[in-house]
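Here is a short report on salt bridges and DNA contacts. Please look over the model before reading on.

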2 protein chains.
Amino acid sequence: MQGMIEKVFEALASTPRRRILAYLAHSELTAGQIAERFAMSKSAISQHLNVLENAGLVRSEKRGQFVHYAIVQENLATTLNSYLQQVCPVSRPLMAESRAIAETKAKG
Amino acid sequence: MQGMIEKVFEALASTPRRRILAYLAHSELTAGQIAERFAMSKSAISQHLNVLENAGLVRSEKRGQFVHYAIVQENLATTLNSYLQQVCPVSRPLMAESRAIAETKAKG
DNA sequence: TCAGTATTTAAGTGATCGCTTAATTCATTT
DNA sequence: AAATGAATTAAGCGATCACTTAAATACTGA
């Protein structure tokens, strides 16, 4: 496993990791807040977060005692869309959407 | 692993399987034709094709001695797109636009 | 029917994954 | 400094994955 696409699909292959991303979709959360929602040790969550961060799907920032995690929507959207475009040209409309997200984020 | 989304992401987690999909993007191929392109046994390719078919990403049809495989673009596109919508809510307002583009393409 | 080709299925094996508990690091509070 | 709390890192273990080779199945043509 080396490239960005590989890392992203590897990260998304896990149901707990996709659920973590879903939780982060609406707001930034600390590692502990995420862990609270899962029937799984904090350690396990930390390991999942590491995989997600390594794939560029989340970013983390330590503030005092807490580590805050946030989704990196742009990377998820552009990776999936570019793969989709590569494999099924039918999906071209998604590109416009992806571009629009990128522009929205750049301005805001 | 049960739902469709799980199966799709599980299938896409493998680099050889993504390469198989890429090969099938341009034309239908037999199992043997796919296997020729990989430094891997026919058996392994058959197993990968089984995973992809089980995820609804390819369909197969036996004609005489050969089994022809084809990509199911729609399932790939709609699965990734719907997941993206779920996780990147920013993109939701743009769906109407996306749909409009798709409809324009369908008509023209 | 027999031989040859295409493909799948079965069985086995090493590598990786996903978790656990325990130990560690870092920040805060007293 | 000592104790507490948040989070990561380390070590280990069972389960699953991704291959392999060998056997089975199915079709074709002499």
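## Accessibility of the charged residues

This is a predicted model. R63(A) has a relative accessible area of 38%. That value lies between the 20% and 50% cut-offs, so the residue counts as partly exposed. E28(A) is also partly exposed, at 34%.

In chain B, E28(B) has a relative accessible area of 34% and is partly exposed. R63(B) is partly exposed at 37%. E61(B) falls in the partly exposed class too, with 39% relative accessibility.

## Salt bridges in chain A

Over all chains, the count is six salt bridges. One of them pairs R63(A) with E28(A), whose closest N and O atoms are 2.6 Å apart. This pair links distant parts of the chain, with the two positions 35 residues apart in numbering. R63(A) sits in strand β2 (residues 58–63) of chain A. E28(A) lies in the loop between α2 (15–26) and β1 (29–30) of chain A.

## Salt bridges in chain B

E28(B) and R63(B) form a salt bridge, and their closest N and O atoms are 2.7 Å apart. The two residues are 35 apart and link distant parts of the chain. E28(B) belongs to the loop between α2 (15–26) and β1 (29–30) of chain B. R63(B) belongs to strand β2 (residues 58–63) of chain B.

R63(B) has a salt bridge with E61(B) as well, at 3.6 Å between the closest N and O atoms. In chain A, salt bridges that share partners join E28(A), E61(A) and R63(A) into one network.

## The surface near DNA strand D

Which residues come nearest to DNA strand D? Of the 24 residues around the strand, they are G32(A), S43(A), S46(A), Y69(A) and H48(B). Sugar and phosphate make up 68% of the atoms of DNA strand D that come within 4 Å of the protein.

Both chains contribute elements to this surface. From chain A, α3 (31–36), α4 (42–54) and β3 (66–71) each supply at least two residues. From chain B, α2 and α4 (42–54) each do so. The residues of this surface divide into 13 polar, seven nonpolar and four charged.

## Polar contacts with DNA strand D

K42(A) places a polar side-chain atom 3.4 Å from a phosphate oxygen of DNA strand D. Two other side chains approach bases. For Q65(A), a polar side-chain atom lies 3.1 Å from a base nitrogen of DNA strand D. For Q47(B), an N or O atom in the side chain is 3.0 Å from a base oxygen of DNA strand D.

Conventions. Residues are numbered from 1 along each chain as its sequence is written. Chains are lettered from A and ligands numbered from 1 in the order in which they are written. This is a predicted model: local features need pLDDT of at least 70, side-chain atom pairs count only at pLDDT 80 or more; totals for chains, interfaces and linings use all residues. Side-chain values use heavy atoms; hydrogens and water are left out. A salt bridge is a side-chain nitrogen of Lys or Arg within 4 Å of a carboxyl oxygen of Asp or Glu. Helices (H or I, at least four residues) and strands (E, at least two) are DSSP runs, numbered from the N terminus. Buried means under 20% relative accessible area, exposed over 50%, partly exposed in between (1.4 Å probe, protein chains only). A residue is near a molecule or strand if one of its heavy atoms lies within 4 Å of it. A polar contact is a pair of N or O atoms within 3.5 Å; within protein, one must be able to donate a hydrogen and the other to accept it, and residues adjacent in sequence count only if both atoms are side-chain atoms. Ala, Val, Leu, Ile, Met, Phe, Trp, Tyr, Cys and Pro count as nonpolar, Asp, Glu, Lys and Arg as charged, and the others, Gly among them, as polar.
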